[in-house]
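Hi,

Here is the structure I said I'd pass on. Have a look, and my notes follow underneath.

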Amino acid sequence: MRSDPQNRTVPILDVITLPDGKYVLLVMPFLRIFDSPPFHCRGEVVEALRQLLQGLEFMHEHNVSHGDACLLNLMMDETSVVPKRSHFTRTNSHDGINLNLTWRHRCTVAPVQYFYIDFGLSGYYPHGQESATAVGTMRQIKDLPEFATSSPYNLFKLDICQLGRTFLEVIEQSYPALQVFIPFAQHMARPDPSDRPSATEALAEFETVVSTLKPRTLRTRIWRHEDTLSARFSCFLSGWPLV
């Protein structure tokens, strides 16, 4: 199903069998966390969130739960954004020594591809989503409502909450200009799983929010909390565009 544009699962490029015959190496694209480097404008955020929501909808439509749809498993293909490429252990460096990463804004090199990785906690449930139950907290976000008791929980509803909480974390901790997306993300992260939307409903709710944004708003520069006024002033003096 690789040709399906909504398939955002990381592709396997090759499988290399090791000499002992017991293990294999899976060859995948070189990716980086989806929100690094920083977003430049709302349009970039819209495209990232849209692809990730489409990817979750795709998995759920095929009765596959991800199980850990959290920040470290949401990735971006950096090929066009970081043309000099980044070091595999020091993502803010090209050579692993100098912290001098340079990049292009996503909006100038679109389309940029986003993917889900790490399917170690995933499951396929051919009898439907209601049959997908689990217990335990072996996941990135440890304080989800499902983990407050030892009762089984539904993994598809967990996916929704995890992705909603991740969106909220990125927005609330880093991008004050993205407040318009908070209500839809809060809906995904509601404490009661029965109050959460399905992946399809979450995508539709997101697109409704996007439809209210004017093209100029989508192109306007956004800043992270850590971007100080002095940094903005330096940007202005250097002649770099603020929008």
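I'll start with the cysteines. Cys-70 is buried, since its relative accessible area is just 1%. Keep in mind that this is a predicted model. The cysteine sulfur closest to that of Cys-70 belongs to Cys-161, and at 9.0 Å it is too far away for a bond. Cys-41 is buried as well, with a relative accessibility of 4%. Its closest cysteine sulfur is in Cys-107, 4.0 Å away, which is again too far for a bond, because a disulfide needs the two sulfurs within 2.5 Å. Searching the whole structure turns up zero disulfides.

Next, a helix pair. H1 (residues 42-61) packs with H5 (residues 199-210) at about 160 degrees, and their axes lie 8 Å apart. Angles over 145 degrees count as roughly antiparallel, so that is what H1 and H5 are to each other. The crossing of H1 past H5 is left-handed. On the H1 side, the residues in contact include Val-46, Leu-49, Leu-53 and Leu-56, along with Arg-50 and Glu-57. H5 contributes, among others, Ala-202, Leu-203, Phe-206 and Val-210. Sorted by class, this contact has nine nonpolar, three polar and four charged residues.

Last, a loop residue. Val-180 sits in the loop between helix H3 (155-174) and helix H4 (182-188). Is Val-180 buried, partly exposed or exposed? Its relative accessibility is 34%, so Val-180 counts as partly exposed. Leaving aside residues up to four places away in sequence, Val-180 touches Val-209 and Leu-213. Val-180 and Val-209 are 29 residues apart along the chain, with 7.4 Å between their C-alpha atoms.

Cheers

Definitions and conventions: Residues numbered from 1 in each chain as written. Predicted model: local features only at pLDDT ≥ 70, side-chain atom pairs only at ≥ 80, totals over all residues. Heavy atoms only, no water. Axes fitted to C-alpha atoms, helices over the stretch in contact; angles between N-to-C directions. Helix = DSSP H or I, 4+ residues; strand = E, 2+ residues; numbered from the N terminus. Parallel < 35°, antiparallel > 145°, perpendicular 65-115°, else oblique. Left-handed = near helix turned anticlockwise from the far one by under 90°. Contact = heavy atoms within 4.5 Å. Nonpolar A, V, L, I, M, F, W, Y, C, P; charged D, E, K, R; others polar. Buried < 20%, exposed > 50% of the residue type's maximum accessible area, 1.4 Å probe, protein only.
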